[in-house]
Amino acid sequence: MDDVFKALADATRRDLLDELFRNDGQTLNALEARFEMTRYGVMKHLRILEEAGLVVTRRRGREKLHFLNPVPIRLVHDRWVSKYAEPWAASLSDLKTRLESPMEKIFEIYIKTTPERLWEAITDSGIRSKYQFGNTIESDWTPGGRFVMNNVKAGAPLGEGENLEVDPPRRLVQTMRALWGEDVKAEGTSKVTWDIEPVGDSCRLTVTHSDLREGANEQLYGGWPMILSGLKTWLETGELLTTPGSLMYT
């Protein structure tokens, strides 16, 4: 939390996050061109944002791309904002902070748990419902197998897909087709990758939502920060999030 607040305290770093919010997955050269400072200055600010977990990077050939990671901001919201805010205020905040025009979105979070326990929380339907809006996930968790997402309040499946890679407790790759509305059905199939990496007594969980068309409906990916915040809360405390958004469909 201290690193996040420190990173957000600087106006230039907030501007960098706004720039990645506007156009995610940018190179250092592209970001440097938008700021009146030296390349070293931009690199220094990006490094602080990376150390706070607000920016994650990925190599694509010779290029290093920078992606906004909104999960730490969601954690700040859940701890410091939501308990003081009315439900309508949280809803307005969700609208204001939605992500725009992605081709790929990356969400990263550190959770104090073991890889095995984290894998169980991802693949166990009962546990999954505790942090993903009450939704259950049914699958045999084999490569090529199908999964279906349901909710007791829905009269039909909310999502479906195929397990492309199943490598417990390290990596899960799935296709995903949202079914909860005609607008999201029209988006077709995207891909979700869960990567688990042990780090000391914790795990770094990276969720990559890819194969999204440019300008895709934000319903497809906008809930990930809340889902991962709920997952962290459940594994570390055994408690459920009680923010308005987390209770929306339970």
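Leaving aside neighbours within four places in sequence, which residues is Trp-194 in contact with? The list runs to Ile-122, Arg-128, Arg-170, Arg-171, Leu-172, Gln-174, Leu-205, Thr-206, Val-207, Trp-224 and Leu-228. The model is a predicted one, and Trp-194 is a good place to enter it.

**Cores**

Trp-194 belongs to the largest nonpolar core, which has 39 residues. Within that core, the residues with the most contacts are Leu-118, Trp-194, Leu-205, Leu-228 and Leu-231. Helix H10, residues 224-237, gives the most to this core: seven residues. Another core lies apart from it, with 18 residues. Ala-7, Val-42, Leu-46 and Leu-54 are among its members. In soluble globular proteins, nonpolar side chains tend to be buried together.

**Overall make-up and confidence**

The protein has 250 residues, and 49% of them count as buried. Its secondary structure comes to ten helices and nine strands. Of the contacts with a separation of 6 or more, 52% are between residues 24 or more positions apart.

The average pLDDT is 87, and 87% of the residues score at least 70. Among the elements, helix H7 (residues 115-123) has the highest mean pLDDT, 98. Helix H6 (residues 87-96) has the lowest, 46. Over residues 88-102 the pLDDT is below 50. Beyond near neighbours in sequence, this stretch still has 27 contacts in the model.

**Trp-224**

Trp-224 lies in helix H10. Is Trp-224 buried or exposed? Its relative accessible area is 7%, under the 20% cut-off, so Trp-224 counts as buried. Setting aside neighbours within four places in sequence, Trp-224 is in contact with Phe-107, Val-192, Trp-194, Val-207 and His-209. With His-209 there is a polar contact between side chains, at 3.0 Å. Trp-224 also pairs a long sequence separation with a short distance: Val-71 is 153 residues away in sequence, but 7.9 Å away in space, C-alpha to C-alpha.

**Helices H4 and H2**

Helix H4 covers residues 39-51, 13 in number. From first C-alpha to last it reaches 18 Å, close to the 18 Å expected at 1.5 Å a residue. Its buried residues are Gly-41, Val-42, His-45, Leu-46, Ile-48 and Leu-49. Seen down the axis of H4, these fall within an arc of 155 degrees, so they line one face of the helix. An α-helix has 3.6 residues a turn, so residues three or four places apart point the same way. The face of H4 turned away from the buried side carries the exposed residues Tyr-40 and Glu-51. The cover over the buried residues of H4 includes helices H1 (2-8), H2 (11-22) and H3 (28-32), along with strands E1 (55-60) and E2 (63-68). After H4 comes Gly-53, with a positive phi near 80 degrees.

Helix H2 has twelve residues, which should span 16 Å at 1.5 Å a residue; the end C-alpha atoms are 16 Å apart, which agrees. Buried in H2 are Arg-13, Leu-16, Leu-17, Glu-19, Leu-20 and Phe-21. At the start of H2, a side-chain oxygen of Asp-10 reaches to within 2.9 Å of the backbone nitrogen of Thr-12.

**Loops and backbone angles**

Most residues other than glycine have a negative phi, and most peptide bonds are trans. The table gives two residues that have a positive phi.

| Residue | Phi |
|---|---|
| Phe-133 | near 60 degrees |
| Asp-211 | near 60 degrees |

Phe-133 is found in the loop between H8 and E4. Phe-133 is buried, with a relative accessible area of 15%. Asp-211 is found in the loop between strand E9 (202-210) and H10.

The peptide bond from Pro-168 to Pro-169 is cis, with omega near -5 degrees. Pro-169 sits in the loop between strand E6 (159-167) and strand E7 (171-178).

Asn-135 is placed in the loop between helix H8 (125-131) and strand E4 (136-139). Its relative accessible area is 6%, and Asn-135 is buried. What does Asn-135 touch, not counting residues up to four places away in sequence? Asn-135 touches Ser-125, Arg-128, Ser-129, Met-149, Asn-150, Asn-151 and Leu-158.

Definitions and conventions
Residues numbered from 1 in each chain as written. Heavy atoms only, no water. Helix = DSSP H or I, 4+ residues; strand = E, 2+ residues; numbered from the N terminus. Expected span 1.5 Å × (residues − 1). Buried < 20%, exposed > 50% of the residue type's maximum accessible area, 1.4 Å probe, protein only. Arc of directions from axis to C-beta. Contact = heavy atoms within 4.5 Å. Core = buried A, V, L, I, M, F, W, Y, C linked by side-chain atoms within 4.5 Å. pLDDT = per-residue confidence, 0-100. Polar contact = N/O pair within 3.5 Å; in protein donor to acceptor, adjacent residues only side chain to side chain.
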